[in-house]
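This briefing addresses a protein model and is arranged by topic. Please consult the sequence and the coordinates alongside the text.

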Amino acid sequence: MPGLTVGEPFPEGVAFTYVAPTGELDLTACGLPIQYDASKEFASKRVVVVAVPGAFTPTCQVSHVTSYISNLDKLKAAGVDQIIFIASNDQWVMAAWGKANGIKDDSILFMSDPGAAFSKSIGWVQGDRTKRYALIVDHGKVTYADVDEVRGSIEKSGAEAVLAKL
Amino acid sequence: MGGAVQHMGSPGELTKLLSSTQYVVADFYADWCPPCKAIAPKYAELAEQLSIPEYLTFVKVNVDKVPALAQEHGINAMPSFIFFKDGKRVKVNGSLKIEGADWAKLKAAADKMGGLAETKKEAADLK
């Protein structure tokens with residue numbers, strides 16, 4: 001069955017790429033592209049991973065990322081160490097999307113799942129894009145994993161759904 | 001006095017320089033980064049004005065060519081400027097690292113290090 005199973009360990013060897021946010025320094029500094037060893041990082045954190053079909057695309061922009069931005073305090077209060085948005089877009093597009101949404105720090109990191117490799121490995125892709133899904137990984141263990149199959153819906157992967165499972 | 005900016009092509013090169021030079025300023029940059037290009041000529045000028053062999057050297061590290069050094073020193077943004085005294089990272093004017101092409105901060109830090117280096121050289125010459 002595609003997807004990740006709740007209770008299972010998060011897979012080994014998962015890596016994403018992202019551009020380090022430069023905050024207020026946008027005009028005077030360039031963020032360094034970073035290879036993020038997700039498997040390694042998730043072993044010691046409580047992380048929410050949200051996959052979206054595309055940066056800047058309608059639902060992703062209008063409802064999905066905005067639901068996380070408006071629930072940022074609640075998510076932090078619930079013990080989330082890191083929120084990561086991923087898509088098949090490259091790290092530069094993801095970085096631009098983060099900036100476009102006013103995120104200047106690492107409160108939400110925007111990363112590329114290059115070639116949708118990770119999403120493909122768990123069977124949650126649609127063509128070249130990732131499906132719309134959310135995961136909670138708590139110190140290496142998957143504690144929530146669900147996908148929105150209904151177009152335009154963030155019922156399973158929006159911030160509210162994730163908050164309910166924290 | 002004065003000298004050119006030295007390009008560090010490997011972690012070993014930097015280690016070697018750190019053991020032979022009291023004060024070192026390092027510019028971490030990338031070829032594709034416009035702010036780095038903008039500040040490069042000014043950085044070179046600082047080197048020409050302030051370098052003192054064995055006492056103060058200005059170096060550049062290309063983060064794409066020597067990623068190990070960028071990682072070792074926690075570089076997230078380019079340009080980033082860091083400072084060494086007697087081989088160890090030090091704060092200059094309160095900052096361990098200047099992030100971004102902040103000319104005012106960089107000049108203040110370089111001038112400070114230039115002054116310190118000159119004082120050390122004079123003291124050594126008088127021995």
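Where in chain B is B:V63 placed? B:V63 sits in the loop between β3 (56-62) and α3 of chain B. The model is a predicted one, and the points below cover this residue, the largest pocket, the annotated position, the aromatic pairs and some backbone features.

**B:V63 and its surroundings**

- B:V63 counts as buried because its relative accessibility is 4%, under the 20% cut-off for that class.
- Setting aside residues up to four places away in sequence, B:V63 touches B:F28, B:Y29, B:A30, B:A70, B:I75 and B:M78 of chain B, and also A:L32 of chain A.
- The C-alpha atoms of B:V63 and B:D31 are 8.9 Å apart, although 32 residues separate the two along the chain.

**The largest pocket**

- The largest pocket holds about 720 Å³ of space.
- Its lining comprises 28 residues, of which A:Y18, A:L32, A:I34, B:I75 and B:N76 are the closest to the centre.
- Two of these central residues, A:L32 and B:I75, are also touched by B:V63.
- Elements from both chains supply at least two lining residues each: β3 (33-37) and α1 (38-42) of chain A, and α3 (67-72) of chain B.
- The greatest contribution to the lining comes from β3(A), with 5 residues.
- By residue class, the lining of the largest pocket contains 14 nonpolar, 8 charged and 6 polar residues.

**The annotated position A:C60 and the loop residue A:N71**

- An unreviewed UniProt entry places the feature "active site" at A:C60.
- A:C60 belongs to helix α2 of chain A.
- With a relative accessibility of 1%, A:C60 counts as buried.
- Beyond its neighbours within four places in sequence, A:C60 is in contact with A:V52, A:P53, A:G54, A:V65, A:W97 and A:R132.
- A:N71 lies in the loop between α2 (58-70) and α3 (72-77) of chain A.
- A:N71 likewise counts as buried, at 6% relative accessibility.
- The contacts of A:N71, not counting residues up to four places away in sequence, are with A:A159, A:E160 and A:L163.

**Aromatic pairs**

- Over all chains, the whole structure contains 14 aromatic pairs.
- One of the pairs is formed by A:F85 and A:W97, which meet edge-to-face at 5.9 Å centre to centre with 80° between the planes.
- Because A:F85 lies in strand β5 (residues 82-87) and A:W97 in helix α4 (residues 91-100) of chain A, this pair ties together parts that are 12 residues apart in sequence.
- A:F85 is buried, at 0% relative accessibility, and A:W97 is buried as well, with a relative accessible area of 0%.
- A:W124 and A:Y133 form a tilted pair, with 5.0 Å centre to centre and 45° between the planes.
- Both A:W124 and A:Y133 are buried.
- Ring pairs also link A:F10, A:F16, A:Y18, A:Y36, A:F42 and A:F118 into a cluster.
- A:Y18 is a member of that cluster and is also among the residues closest to the centre of the largest pocket.

**Backbone features**

- Most residues other than glycine have a negative phi, and most peptide bonds are trans.
- The peptide bond from B:M78 to B:P79 is cis, with omega near -5°.
- B:P79 is located in the loop between β4 (77-78) and β5 (80-85) of chain B.
- B:M78, the residue preceding this bond, is one of the contacts of B:V63.
- A:F56 is not a glycine, yet has a positive phi of about 70°.
- The loop between β4 (46-51) and α2 of chain A contains A:F56.
- A:F56 is partly exposed, since its relative accessible area of 44% falls between the cut-offs of 20% and 50%.
- B:D86, again not a glycine, has a positive phi of about 50°.
- B:D86 is in the loop between β5 and β6 (88-89) of chain B.
- With a relative accessible area of 48%, B:D86 is partly exposed.

Technical notes. Residues numbered from 1 in each chain as written. Chains lettered and ligands numbered in written order. Predicted model: local features only at pLDDT ≥ 70, side-chain atom pairs only at ≥ 80, totals over all residues. Heavy atoms only, no water. 1 Å grid on protein atoms, 1.4 Å probe; cavity = no way out; pocket = protein on both sides within 12 Å on 5 of 7 lines; lining within 4 Å. Points joined across faces, edges and corners; volume = space filled by probe spheres on them. Helix = DSSP H or I, 4+ residues; strand = E, 2+ residues; numbered from the N terminus. Nonpolar A, V, L, I, M, F, W, Y, C, P; charged D, E, K, R; others polar. Buried < 20%, exposed > 50% of the residue type's maximum accessible area, 1.4 Å probe, protein only. Contact = heavy atoms within 4.5 Å. UniProt positions renumbered as here; feature names shortened; annotations may be inferred. Phe/Tyr/Trp six-rings, centres within 6.5 Å; stacked < 30°, edge-to-face > 60°.
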